[in-house]
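The following questions and answers go through one structural model, from a single loop residue to the arrangement of the whole chain.

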Amino acid sequence: MKREYLFAPGPTQLPEEILRILSEPIVYHRGPKFKAILQEARADLKVLFQTEQDVLVLTSSGTGAMEAAVTHTLSRGDRALVIEGGKFGERWGEICQAYGVDVEWLRVPWGKAVDPADVRKALTNGSDIRAVFVQASETSTGVKQPVHEIAEITRRLPDTLLAVDGITAVGVFPVPMDAWGIDVMVSGSQKAMMLPPGLGFIAMGPRAWARAERSDLPKFYFNLRKERELQPKGETNFTPAVPFIVALRRALQMIREEGLEQVFARHERLAKATREGMRALGLELFAPESPSNACTAVKVPAGVDGEKIPKHIRETYGVTIAGGQSKLKGKIFRIAHLGYYNPFDMVMVMSAVEMTLRDLGYPAQIGAGVRKVQEILAG
Ligand SMILES: Cc1ncc(COP(=O)(O)O)c(C=O)c1O
């Protein structure tokens, strides 16, 4: 008998209750039942995003929300500063370039967080940068970026917006949009929201909405001004992913019932236990200085074929983890702990990592990581 366990940093595990809701009969998206569901979800989304602004629900993956952020805040030929410390930083820049935005790359070694002083330098005197794009949590490297410090800089610049990719940060650790003065925040359903992939989310502050009034980049499917007009009435511009929105309402209630602060604290504990467990196995973390609580990136130890780790752990133990992407292929592996995870999940995945590394020739002391995880998560 083989069971499957999912520890990829998206899509993440789904609660049983969400799976049940997803099998319910479809609701008509122009009827009163759907309107009520969307309204309820919208109220809870504000709590999750820590904002008073509308959080718009888009039927797309997270990248769709990123694209909408670009097309509504910039105009042709505008200049943007893109903080690139991983694959998703690259994506911000690629979207900008696809729309004819002039990109200034602030490249950061993968595994490190950007130095806010470098952001300040890029934005000083005479800079014509109209927006800064960054990941709160760069999932490809397991790094948490210093969004608060960056927002302290951008919020004082009258014509420079800050757009944050919170796809693996919203619901994982605090990124209070309003309190920090973040102009745009995006997220996606398949991470901490405990849902399948298929919904993107975007919230914009007053400065970003003012930009949206005059932005001349092409827009059709993602027309946020239209969505902003319709969604407060419980409607959407096109046919939305109805079952996911029904499930979203319940997932957000679950987060509200646990309490956002408790949700953050749970992620913190699981992340810490995972990091310390890996260290107890003698492994090195890829992002030790500024780790994200969404997923832990671990360096492949010398003598082990890194590309074999995700394959072996999946095929032998039924556990899905992620390897490294693009230039990190074979160099790291990543364990997710965002969304529907509890202490025993982390004990389980740690034991599977130990067995896998031992199978692949690393002299792991079986039980050393598990023991550390238990010590941290007990009581
Ligand atoms: C930080 C970050 N940004 C963007 C994305 C892209 O989201 P999607 O694959 O939902 O389009 C991901 C997905 O893994 C992510 O983790």
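Q: Is Gln50 buried, exposed or partly exposed, and why?
A: A residue is called buried if 20 or more other C-beta atoms, placed from the backbone, lie within 10 Å of its own, exposed if 12 or fewer do, and partly exposed in between. Gln50 has 18 C-beta neighbours inside 10 Å, and therefore it counts as partly exposed.

Q: What kind of structure is this, and how are residues numbered?
A: This is a predicted model, in which local features need pLDDT of at least 70 and side-chain atom pairs count only at pLDDT 80 or more, while totals for chains, interfaces and linings use all residues. As for the numbering, residues are counted along each chain as its sequence is written, starting from 1.

Q: Where does Gln50 lie, and what is its phi near?
A: Helices (H or I, at least four residues) and strands (E, at least two) are DSSP runs numbered from the N terminus, and Gln50 is placed in the loop between helix 2 (32-49) and strand 2 (55-59). Although Gln50 is a residue other than glycine, its phi is positive, near 55°.

Q: Is Met194, which has a positive phi, buried or exposed?
A: Met194 belongs to the loop between strand 9 (184-188) and strand 10 (199-204), and its phi is about 60° although it is not a glycine. Because 26 other C-beta atoms lie within 10 Å, Met194 is buried.

Q: Which residues does Leu14 touch, not counting those up to four places away in sequence?
A: Leu14 sits in the loop between strand 1 (5-6) and helix 1 (16-22), and with 19 C-beta neighbours inside 10 Å it counts as partly exposed. Taking contact to be C-beta atoms, placed from the backbone, within 7 Å, the residues that Leu14 touches are Leu19, Met194, Pro196 and Tyr340.

Q: Which peptide bond is cis, with omega near -5°?
A: Pro11 is found in the loop between strand 1 and helix 1. The cis bond, with omega near -5°, leads into this proline, from Gly10 to Pro11.

Q: Which members of the largest nonpolar core touch the most other members?
A: A nonpolar core is a set of buried Ala, Val, Leu, Ile, Met, Phe, Trp, Tyr and Cys residues joined through C-beta atoms within 7 Å. Among the 117 residues of the largest one, the members with the most such partners are Val164, Val184, Phe201, Ile202 and Leu248.

Q: How many residues of domain 1 are in contact with domain 2?
A: The domain bounds, which come from an automatic or database domain assignment, give domain 1 (5-11 + 259-377) and domain 2 (16-257). The C-alpha centres of the two lie 27 Å apart. Across the boundary, 27 residues of domain 2 are in contact with residues of domain 1 numbering 25.

Q: Which element gives the most to the side of domain 1 that touches domain 2?
A: Helix 11 (260-280) and strand 11 (295-299) each supply at least two residues of that side. With 4 residues, the element that gives the most is helix 11.

Q: What radius of gyration does the protein chain have?
A: The rule for a compact globule is 2.2 Å times the number of residues to the power 0.38, with the radius taken over C-alpha atoms. For 379 residues this gives a value near 21 Å, which agrees with that of the protein chain, 21 Å.

Methods. Contact = placed C-beta atoms within 7 Å.
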